[in-house]
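Colleague: I should like a close look at one part of this model, beginning from a single residue and working inwards. Please keep the account connected and explain the terms as they arise.

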Amino acid sequence: MNDNPLISILMGIYNCEKTLCDAIDSIIAQTYENWELILCDDGSKDKTYDIASEYVSRYPGKIKLIKHEKNAGLNKTLNDCLKEATGEYIARMDGDDLSMPDRLEKEIAALRAHPDLMIVS
């Protein structure tokens with residue numbers, strides 16, 4: 001039996017202390033639960049990294065956190081997240097995005113119903 005999550009959600013975060021809790025909470029509230037969230041702080045100057053660290057502590061094994069000491073840009077940030085991903089599917093999120101509670105459930109259903117699809121949004 002495979003214990004890896006089906007979905008790896010990649011989230012580059014940078015100076016988003018005001019919106020990050022809501023973004024992460026919207027993932028935690030998903031009706032589909034077989035996911036992991038991989039965050040990469042891209043050299044934030046505010047409390048973004050501290051907030052993300054608190055979530056990692058509360059959800060060990062479910063949320064991972066990478067830190068860049070200085071801003072490297074979104075491409076590098078997402079590629080670093082991707083290196084940590086163990087899911088069969090990759091989902092994207094930003095630190096100021098909100099996901100409806102059934103987002104992942106609907107996306108998985110669409111991908112399974114239409115195996116020829118490469119991207120859903």
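Where is the place of E33? Please set that residue in its surroundings and continue to the sheet.

Modeller: The model is a predicted one, in which local features are given only at pLDDT of at least 70 and side-chain atom pairs only at pLDDT 80 or more, whereas totals for chains, interfaces and linings use all residues. Residues are numbered from 1 along each chain as its sequence is written, and side-chain values use heavy atoms, with hydrogens and water left out.

E33 has its place in the loop between helix 1 and strand 2. Helices (H or I, at least four residues) and strands (E, at least two) are DSSP runs, numbered from the N terminus. With a relative accessibility of 60%, E33 counts as exposed; the cut-offs are under 20% relative accessible area for buried, over 50% for exposed, and partly exposed in between, with a 1.4 Å probe and protein chains only. Although E33 and E105 are separated by 72 residues in sequence, their C-alpha atoms are 8.7 Å apart in space.

Beyond this loop comes strand 2, residues 35-42, which is mostly covered: eight of its eight residues are buried. Both of its faces are covered. W35, L37, L39 and D41 are buried on one side, and E36, I38, C40 and D42 are buried on the other.

Strand 2 belongs to an open sheet of four strands, which stand in the order 3-2-1-4 with parallel pairing. Two strands count as paired if DSSP finds at least two bridges between them. Strand 3 (63-68) and strand 4 (89-94) lie at the edges with a single partner strand each, so one side of each has no neighbour in the sheet. From one strand to the next, the twist averages 20°.

The pairings of strand 2 can be followed on either side. Six bridges join strand 2 to strand 3, and these two strands run parallel; across this pairing, C40 stands opposite I66 in strand 3. Helix 2 (residues 48-58) packs on the sheet, touching strand 1 (7-13), strand 2 and strand 3, and its direction makes about 155° with that of strand 3. Contact here means heavy atoms within 4.5 Å. Axes are lines fitted to C-alpha atoms, for helices over the stretch in contact, and angles run from 0 to 180 degrees between N-to-C directions. Helix 3 (residues 74-84) lies across strand 1, strand 2, strand 3 and strand 4, and runs at about 145° to strand 2.

Strand 1 and strand 2 are joined by seven bridges and also run parallel. Two pairs of facing residues illustrate this pairing: S8 stands opposite E36, and I13 stands opposite D41. Seven of the seven residues of strand 1 are buried, so this strand is largely enclosed by the rest of the structure. Its two faces are both covered, with I7, I9, M11 and I13 buried on one side and S8, L10 and G12 buried on the other.

The chain then passes into the loop between strand 1 and helix 1 (20-28), where N15 has its place. N15 counts as partly exposed, at 32% relative accessibility. Its phi is near 45°, a positive value in a residue other than glycine.

Helix 4 completes the picture. I108 is found in this helix and is buried, with a relative accessible area of 4%. Leaving aside neighbours within four places in sequence, I108 is in contact with L6, I7, Y32 and Y89. I7 is one of the buried residues of strand 1. I108 and L6 are 102 residues apart in sequence, yet 9.1 Å apart in space from C-alpha to C-alpha. E107 also lies in helix 4 and, at 15% relative accessibility, counts as buried, whereas E33 counts as exposed. When residues up to four places away in sequence are not counted, E107 touches V120 and S121.
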